[in-house]
Every structure is written in structure tokens, then in C-alpha cells.
Amino acid sequence: MGSSDQEFSTPPPASRQYGITKPISTAGPTETDLKRTIELEEFLVDVGLHESNEEATKREEVLGEIDKIVKSWVKQLTRQRGYSDQMVEEANAVIFTFGSYRLGVHGPGADIDTLCVGPSYVNREEDFFIILHDILAEKEEVSELQPVPDAHVPVMKFKFHGISIDLLYASISRLVVPQDLDISHGSVLYDIDEATVRSLNGCRVADQILRLVPNIENFRTALRCLKFWAKRRGVYSNVTGFLGGVNWALLVARVCQLYPNAVPSMLVSRFFRVYTQWRWPNPVMLCAIEEDELGFPVWDPRKNPRDRTHHMPIITPAYPCMNSSYNVSTSTLRVMMEQFQIGNKICEDIELNKAGWGALFEPYLFFETYKNYLQVDIVAVDAEDLRLWKGWVESRLRQLTLKIERDTYGMLQCHPYPNEYEDPSKQCSHCAFFMGLQRKQGVKIQEGQQFDIRGTVDEFRHEVNMYMFWKPGMELYVSHVRRKQIPCYVFPEGYKRPRPARPICQQLVDRTSGEDIGEECEGGSSERRLKRKADADCSGARPNKPEKRASISPSHEKLATTDQQDHEEVIFNDSVDVRANSLKESMAVEGTNDCVEASCGNDKDENARKLTNGSSFLECGEASAGDLFCNSEMIKVDLEQFAGSNCTIVGGSQELLDDDKQGTIPGTEHLKNGSAQNGVADVSEPNLALGVALEARGGVTADAPQKPALRWSLTSTA
């Protein structure tokens with residue numbers, strides 16, 4: 001194994017300054033802090049975040065076997081290319097690790113990010129992705145082998161003795177790779193291409209992080225805790241526009257620098273305190289950005305116009321310094337800021353002994369947060385095709401979010417949820433992803449203004465269908481569903497539960513969202529609402545039958561009444577013509593297509609921006625509309641009109657420092673062009689009513705191709 005796997009176990013001198021600014025506080029823990037840290041560590045053990053000794057040993061054995069395979073592979077290529085016997089004897093490749101395994105925060109079943117460094121005459125395109133691929137494919141212990149040569153960082157994915165491996169390759173400008181190669185040294189970057197630089201960067205960044213934090217063990221515990229929190233709250237996924245492992249590691253490392261003597265319980269609390277008030281897009285950096293004579297591009301918004309578009313810059317500490325969070329969009333930043341605020345409030349309650357650590361990790365109730373969703377169904381003939389097809393579609397979901405933001409000028413906000421779901425009743429291989437939809441709150445809607453994203457969805461489908469390894473049976477369906485139409489297989493028990501008393505996390509959302517305003521307007525007891533919820537039919541409860549998305553009535557009768565509707569959403573009833581049809585029975589996926597036009601009340605106050613003491617304030621509204629078109633018969637249903645807005649105010653806490661404060665929230669003084677982004681600092685009153693009127697649109701016939709598309713219309717009324 002490479003020298004990068006050495007442990008930085010000796011803490012640096014206490015007098016050293018970490019990061020680009022002075023610490024906020026150098027205060028150490030109190031007895032209460034130490035007690036809370038013990039409780040936190042016990043909680044992390046109880047929920048199973050640590051792997052067993054047996055699994056740790058197995059991982060080391062697997063890495064040893066992979067190391068032998070790549071060494072043999074390089075010697076074989078050296079011999080075939082006519083090098084001398086001495087060169088064959090000296091030929092070498094070295095395996096390094098990075099990511100969560102290198103940082104020491106991996107859990108049971110986690111994959112291992114690995115990098116193979118080879119000599120200059122062994123290339124990636126043919127030698128790695130063809131010859132080594134074939135060698136691995138012949139081994140019984142290797143399964144699910146998947147090369148991804150066209151990725152931003154080319155990778156080969158596989159399982160070795162059941163352990164997931166992501167293997168990168170970097171060919172450096174040396175004929176012989178020494179076993180003790182120092183990958184952190186800048187010389188490894190000489191005469192290599194940018195793809196190789198990106199492959200090397202993961203290991204170089206991991207080593208730098210461990211060098212730049214004051215206490216590695218405290219960093220690891222805090223990071224393990226916050227990664228678990230992010231997964232529970234649905235904001236852990238780089239591919240869908242949130243943050244991945246390296247992003248969370250850099251954020252936690254910066255907090256460790258700002259509070260160098262803090263123990264894990266303090267670091268978790270300070271994490272939320274700092275990032276609820278961080279003035280994005282000011283970057284998070286562990287060290288100054290270095291420029292080198294090698295000439296690789298580094299993140300610098302003063303020189304690179306594209307860097308100015310980044311919403312949440314988190315800069316890697318190794319040359320060439322890059323923004324590790326370029327996938328973050330306006331919508332996903334908004335979601336994360338909401339979650340930071342919720343986490344901050346719970347940590348304040350923990351410090352006041354009003355809550356325990358379990359409250360921080362309550363799962364996010366995604367399917368109770370929005371009233372409208374996009375459902376993306378992915379189907380394939382068998383499990384292997386689905387694995388390949390799903391990986392491609394998932395990598396493109398972020399583009400759907402960006403396209404909707406682009407085509408609606410940020411007025412329609414998407415919340416992509418990283419969890420995937422499988423319908424066990426489907427005969428084909430199937431999985432589904434969901435996106436929450438809502439209109440941006442606090443922006444006046446012009447009379448007759450509409451947002452038509454049918455073309456957006458069609459564009460997304462067209463791009464996805466360009467998959468170069470597409471096979472017959474690989475299909476993608478995008479449909480609109482309302483909250484009460486969410487299929488039952490997404491719920492842990494397999495059915496929809498009557499809505500219980502909400503946990504702390506969700507109460508915090510509701511307290512600031514205005515969602516209960518609609519219930520106040522509707523009247524009626526909570527018991528009655530729960531009874532109606534419990535008595536409602538559960539769509540998709542019967543196996544091998546498509547989910548019921550809308551009642552079909554050839555005569556266009558009015559089918560729904562107020563009592564039949566989800567009372568939580570009802571204000572008025574208007575009839576609506578929609579077009580719907582089930583997809584082919586072999587696919588066992590149904591899409592419903594409603595054309596929705598929403599009338600929105602004017603805001604009470606003008607939209608404003610407010611930044612106080614470095615605190616960004618955020619409000620987001622919840623719109624309730626959506627539609628899709630498919631070829632089929634006309635139907636007529638009732639749809640509720642909605643009350644209230646789902647708003648969360650971010651940045652309520654304006655005070656960053658402790659009683660022993662010694663500084664201010666660190667920005668980046670040498671970057672002067674950062675400012676708050678749209679969607680991060682909007683302040684407005686929530687709409688008290690959101691009227692919804694639905695009507696059918698023409699132009700869809702029974703002969704039309706089966707292409708779901710979406711139209712979202714918003715009409716302002718005085």
C-alpha cells in the first residue's frame with residue numbers, strides 16, 4: 001500500500017493557527033461537554049456506524065489482493081512491451097485509498113475508494129479499461145464489474161469478495177513507481193493530463209485534510225456524526241446536487257479549525273451555528289489557494305467567469321484547488337440551509353437539556369413536506385440492466401433540476417430526494433426517484449404568467465435516452481403525483497399511515513412554514529382529519545396492479561367531494577379535465593397527467609433581501625400545482641385548492657460566537673465579489689391562500705407517442 005496510508009496520529013503544536021483566519025474560540029470543553037460527547041459516541045455505536053473487527057480485517061485483505069493483481073498486471077505489460085528483465089522486476093503499481101476509508105469514517109458496508117498509480121507506459125484507455133478489466137472479469141471473487149471511462153473522474157466499479165470498490169487509475173511520468181511514493185508531493189503532477197490530476201486529487205485532498213485539522217480523532221467523530229445526520233435528512237448525495245463525503249469532510253474540518261480545542265459534541269453544535277450564518281457564496285477553504293507553475297486551472301472567480309456561478313463553493317486544499325461542490329444548485333442550497341437551521345435549533349435544545357441526540361437524527365419526512373412531486377420511474381428487463389440504466393439516469397437527475405430552474409427563471413423550485421425506491425409488485429426490474437415541487441415564495445406573479453416545463457421534461461428524456469449502452473427494455477417515465485397519490489411502496493411499512501404527531505424536526509419546519517395556516521382556514525378537528533386520512537384508499541396497495549392516479553369517468557362527472565379529499569389541503573373544489581393512461585402492462589408503471597393552473601394571492605409585503613451580522617435569511621413557499629399529458633381518454637376529477645405556504649426561515653440565529661467569543665464569522669477577505677444568491681436571502685410573508693383551478697389542455701390524441709410531459713401554470717390574482 002502507498003505511503004499515503006500512514007496515520008497522522010501526533011497532534012500538531014497547540015500554538016499553530018489552522019486555516020486562513022484566527023479561531024473563533026480556543027476554549028476547551030466543560031464537564032458537561034465531555035459528558036455529551038460520551039453520550040454522542042455511545043449513540044453512534046448503538047446505531048451501528050462502526051464496522052466490526054472482522055469486516056475491518058476483510059477490507060485489509062481485499063486491498064492486499066487488489067494490490068497484488070495490479071502489480072502483476074503492470075509486470076505483464078512491461079514484459080509484453082519488450083522491456084529488459086530488470087525493468088520487469090522493478091515494474092510496480094501502488095494502491096492508495098481515499099474518501100471515507102482513508103479519513104477513517106467509513107461504516108459497515110461502505111465502499112472503498114482506491115487509486116492505482118502506475119508508470120508512464122501503462123495508459124488508462126486501453127491498459128486499464130480493457131486489459132485490467134478483462135483480468136478482473138475472469139476472477140471468481142469479482143462481481144458487478146462496471147467500467148465508467150467517460151466519467152469526470154474515470155472509474156472502474158466492482159465488488160471484490162462482496163466489498164464495493166471504486167478503482168481509479170493515474171499514470172505518472174515515471175518509468176518505475178517507487179513503493180514509498182509520496183503522492184502529496186507536487187512532482188507527481190508533472191507532465192500529466194487533467195483527468196489524471198482529478199484522479200490523483202482525491203488522495204491528495206484526503207491527506208491534506210488530515211494534516212490541517214487540530215485533532216484527528218475529534219474530527220473523525222464529528223464527521224461520522226454529521227454524515228449520518230446528512231443521510232437521515234436527505235442531503236447526502238453529490239450526484240443529485242447536495243453534498244458528498246469529501247464536501248462534508250471539508251465543512252467539518254473548517255469548523256475544527258475555528259474551534260481547535262472543541263470536543264465532538266461541541267463541534268457538532270458549532271457546525272450548525274457556523275453554517276446557518278455562512279454568507280454563501282463566500283467559499284469555505286482550509287488553506288489559501290495555491291497557484292503553481294504547472295499551470296493547471298484553480299478555482300478563482302476573479303479570473304474564471306464560470307466560478308462566479310457556483311452557489312456553495314467548498315474548496316479542496318490540495319493543488320490544483322477546485323470547488324468540490326459545483327453540483328449544488330439554488331434549490332438544493334435552499335434545502336440544505338433549511339436543514340442547517342433545523343439542526344441548529346435542535347442542538348440548542350440539546351445544550352439546554354430539552355432534547356437528546358436522537359432528536360437530531362430523526363428522519364426527514366420528505367413525503368409529507370410537499371404537496372406536489374415529480375416521480376421518475378426507471379425500468380429495465382433484468383436487474384443487471386437496471387443497475388447500469390439507473391446509474392446513468394441518476395447521474396442526470398441533477399440536470400433535470402437545473403433545467404427546470406433555468407426554464408422557469410428560478411420560480412419553480414425542485415427538491416430532488418436522493419433515496420431510491422423499488423416496487424416489489426412490478427414484474428420487471430424497477431426503481432423510482434422523487435422530486436418535491438414548489439413555487440418560489442416571495443416573488444410577485446404577473447397576471448396570466450405561466451410556467452410550461454413540458455419541453456423541459458422532453459429535453460431531459462431525450463438526453464437520457466442518448467445513453468450509449470442503451471438496450472431494449474430500458475425505459476424512463478416522468479410523471480406528476482400529488483401527496484396523497486404517492487405510491488405505498490415508498491413507506492417503510494408498505495402502506496400510508498395516518499399522520500401522527502410530528503417529531504421535533506418536522507415541527508420546526510411547520511412552525512416557520514405556515515403549513516398549518518391552511519388547516520386553520522379549513523376548520524375541523526385534527527381527529528377528523530386523521531380519520532379521513534386513515535380511511536382513504538391507499539393507491540398501489542394491491543400487488544401487480546398499477547397505482548391509481550385519478551378516477552376515470554367517460555361522462556366527465558364530478559367524482560370527488562370535499563369529504564373525499566385530503567382535508568388538510570382542501571379550501572375549494574373546482575372540477576378539472578385531465579388526460580391519463582396507464583403505461584404498457586409489461587412495464588407495470590402508470591403515469592397520470594394533470595394540467596394545473598394555480599391562482600396565487602399577492603404577497604403582503606414586497607420581496608426584500610436582508611443580511612444582518614453575516615446571517616442569510618431564507619423563506620421558501622410551497623406551491624401546489626402540476627400536470628402531465630399522455631395519450632388517453634378524458635377524465636374529470638376534483639382537486640383541492642390549497643392554503644398556506646411551506647416556508648422555512650433560515651438564519652434566525654444571528655449570534656455566532658460563544659460567551660468567550662474571540663472573532664467574527666470568517667469570510668474570505670481576498671475575494672470581494674461574493675454575495676448572497678437568489679433564494680438564500682429572500683424575505684417575504686407567506687401566501688395565506690393558494691387557489692388551484694385545473695383544466696384540460698388540447699393537442700393530445702390517442703395516437704400521440706407515450707411521452708409524459710409536465711405543465712405548471714401559475715396565475716396571479718389580486
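Here are some worked exercises on the predicted model shown above.

**Exercise 1. The whole protein**

Task: Work out how many helices and strands the protein has, and what share of its residues is buried.

Solution:
- Start with the secondary structure: the protein contains 16 helices and 23 strands.
- Next, turn to burial: 58% of the 718 residues count as buried.
- Then look at the surface, where the protein exposes about 29300 Å². Carbon and sulfur atoms contribute 49% of that area.
- Finally, check the contacts between residues at least 6 apart in sequence: 80% of them link residues at least 24 apart.

**Exercise 2. Helices α9 and α10**

Task: Describe how α9 and α10 are oriented to each other, and list the residues that make their contact.

Solution:
- Two packed helices are described by the distance between their axes and the angle between those axes.
- For α9 (residues 264–275) and α10 (residues 330–351), the axes come within 8 Å and cross at roughly 135°.
- An angle between 115 and 145 degrees falls in the oblique class, so α9 and α10 are oblique to each other.
- The handedness of this crossing is left-handed.
- On the α9 side, the contact uses Val268, Ser269, Arg270, Phe271, Phe272, Arg273 and Tyr275. On the α10 side, Met337, Phe340, Gly343, Asn344, Cys347 and Glu351 take part.
- Sorted by class, the contact of α9 with α10 has seven nonpolar, three polar and three charged residues.

**Exercise 3. Helices α6 and α8**

Task: Repeat the analysis for α6 and α8, and find how the residues of their contact divide by class.

Solution:
- The axes of α6 (residues 194–212) and α8 (residues 245–258) come within 10 Å and cross at roughly 20°.
- Angles under 35 degrees count as roughly parallel, and α6 and α8 are therefore roughly parallel to each other.
- The crossing of α6 and α8 is left-handed.
- From α6 come Val205, Ile209 and Leu212, while α8 brings Val246, Ala249, Leu250, Ala253 and Gln257.
- The contact of α6 with α8 thus holds seven nonpolar residues, one polar and no charged.

**Exercise 4. The loop between α9 and α10**

Task: Decide whether Cys321 is buried or exposed, and locate the cis peptide bonds that lead into Pro281 and Pro320.

Solution:
- Place the residue: Cys321 is in the loop between α9 and α10.
- Its relative accessibility is 2%, and because buried means under 20%, Cys321 counts as buried.
- Leaving out residues up to four places away in sequence, Cys321 touches Ile289, Glu290, Pro297, Val298, Trp299, Ile315 and Thr316.
- The C-alpha atoms of Cys321 and Phe296 are 9.2 Å apart, with their positions 25 residues apart along the chain.
- Now for the backbone: most peptide bonds are trans.
- The bond from Trp280 to Pro281 is cis, with omega near 15°, and Pro281 sits in the loop between α9 and α10.
- The bond from Tyr319 to Pro320 is also cis, with omega near -5°. Pro320 belongs to the loop between α9 and α10 too.

**Exercise 5. Positive phi values**

Task: Find where Glu144 and Tyr409 lie, and classify the exposure of each.

Solution:
- Recall the background: most residues other than glycine have a negative phi.
- Glu144 has a positive phi, near 50°. Glu144 lies in strand β3 (residues 142–148), and its relative accessible area of 38% makes it partly exposed.
- Tyr409 has a positive phi of about 55°. Tyr409 is in the loop between α12 (383–407) and β7 (412–421), and at 73% relative accessible area Tyr409 is exposed.

Terms used
Residues numbered from 1 in each chain as written. Predicted model: local features only at pLDDT ≥ 70, side-chain atom pairs only at ≥ 80, totals over all residues. Heavy atoms only, no water. Helix = DSSP H or I, 4+ residues; strand = E, 2+ residues; numbered from the N terminus. Buried < 20%, exposed > 50% of the residue type's maximum accessible area, 1.4 Å probe, protein only. Contact = heavy atoms within 4.5 Å. Areas by Shrake-Rupley, 256 points an atom, 1.4 Å probe, with all protein chains shown as cover. Axes fitted to C-alpha atoms, helices over the stretch in contact; angles between N-to-C directions. Parallel < 35°, antiparallel > 145°, perpendicular 65-115°, else oblique. Left-handed = near helix turned anticlockwise from the far one by under 90°. Nonpolar A, V, L, I, M, F, W, Y, C, P; charged D, E, K, R; others polar.
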